[in-house]
Amino acid sequence: MTAPLAAVLDPFTPFAVPFLLRPLLLLLALAVAAGTVGMLVHLRRLEFSADGLTHAVFPGLAIGAALGGAAGLLPGALGAALVAAVVLALLSRRGQPRDTAVAIVLTTFFSVGIVLVSLSEGVGSVSDFFFGRLLTITWADLWVGVALVAVGVGLVVATARPQLFAAFDPAGARRAGLPVLGLETLGTVAVALVVVAASASVGTLLALAVVIVPAAAARALTRSLRAAAVVAVAFGAVTGWLGLWAVVQLAEAGVDAAPGATVALAMIAGYLVALAAGALRGRVRGRAAVAA
């Protein structure tokens, strides 16, 4: 193997430099969130809610940019996401169908954000947050992102049993005296925290892939919840690393690919492979059952 080819195929050396190591560490933290918070989203069918939260951070970004410039983006996004999470849970509790509540929150917050952006001069920095700044995150950005993920994961892990009960039997959970509204709010807040953490890397428009795709891929491969959580973490870690590695290799070839979008596409590609593998396994089991 020639030296240039060995350098291209080397999966580790590129990440020795800090500007690649930092995003890799954040993507690994998000992989842990994919196996916990992402599994909750999948089990409780909150994909549309997660999508609504990614759009609901818009006014927070505008306010943060107007008040604090680039330094105000993350606090603004976090504040808007938490407010949206609480409003979403309350609207659902008041009898609004979940999809209707999400649509109301998404439309309201996104419209407010557009008005605020039109009145401010922080559009440039806001667009950076929307489309991601994976290769330019600082150590401070990394630790803040990891802290947000840790809190979100902690909320889900601490309430795992009642969350699963409420996911599979909401009526039974209410009859058992569980605080279903509180659980819904905690779950939505956990999703909001991870969405904001992902926004610092892949951007708000692609954060949904980080939250949803690994869990969906895991469920295509296994029906065991414990196994699915482990597979989702591994899937998020491997596809995140592969996506970032692909960015490096494309850059070496002179192609300036968007890092966040490349990572998201790596996850989608992995999901398609998982679907194919799951379908193949189902056929093999079906033939084995017929033969028996």
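These exercises work through the helices, the nonpolar cores and one aromatic pair of a predicted model.

Residues are numbered from 1 along each chain as its sequence is written. Local features need pLDDT of at least 70, side-chain atom pairs count only at pLDDT 80 or more, totals for chains, interfaces and linings use all residues, and side-chain values use heavy atoms, with hydrogens and water left out.

**Exercise 1. Describe the overall make-up of the protein.**

Step 1. Count the elements: 14 helices and zero strands. Both are DSSP runs, numbered from the N terminus: helices are H or I, at least four residues, and strands are E, at least two.

Step 2. Check burial. Of the 292 residues, 47% count as buried. Buried means under 20% relative accessible area, exposed over 50%, and partly exposed in between (1.4 Å probe, protein chains only).

Step 3. Check contacts, meaning heavy atoms within 4.5 Å. Among those between residues at least 6 apart in sequence, 77% join residues at least 24 apart.

**Exercise 2. Find the residues at the centre of the contacts in the largest nonpolar core.**

Step 1. Define the core: buried Ala, Val, Leu, Ile, Met, Phe, Trp, Tyr and Cys residues joined through side-chain atoms within 4.5 Å.

Step 2. The largest has 60 residues; Leu30, Val37, Val191 and Val196 touch the most other members. Helix H11 (residues 180–199) gives the most to this core, with ten residues.

Step 3. Take Leu30. Beyond its neighbours within four places in sequence, Leu30 contacts Val149, Val194, Ala197, Ala198, Ser201 and Val210.

**Exercise 3. Test the length of helix H8 and work out which face is buried.**

Step 1. Helix H8 covers residues 139–158, 20 residues. The expected span is 1.5 Å times one less than the number of residues. That gives 28 Å, and the end C-alpha atoms are 28 Å apart, so the two agree.

Step 2. List the buried residues of H8: Asp141, Leu142, Gly145, Leu148, Val149, Gly152, Val153 and Val156.

Step 3. Look down the axis. These residues fall within an arc of 135 degrees, so they line one face of H8. The arc is that of the directions from the helix axis to the C-beta atoms.

Step 4. On the other side of H8, Ala140, Trp143, Val157 and Ala158 are exposed.

**Exercise 4. Classify the aromatic pair.**

Step 1. Rings of Phe, Tyr and Trp (its six-membered ring) pair if their centres lie within 6.5 Å; planes under 30 degrees apart count as stacked, over 60 as edge-to-face and the rest as tilted.

Step 2. The structure holds one aromatic pair. Trp139 and Trp143 are stacked: 6.0 Å centre to centre, 20 degrees between the planes.

Step 3. Place the pair. Trp139 and Trp143 are four residues apart in H8, so about one helical turn separates them.

Step 4. Check exposure. Trp139 is partly exposed at 36% relative accessible area; Trp143 is exposed at 52%.
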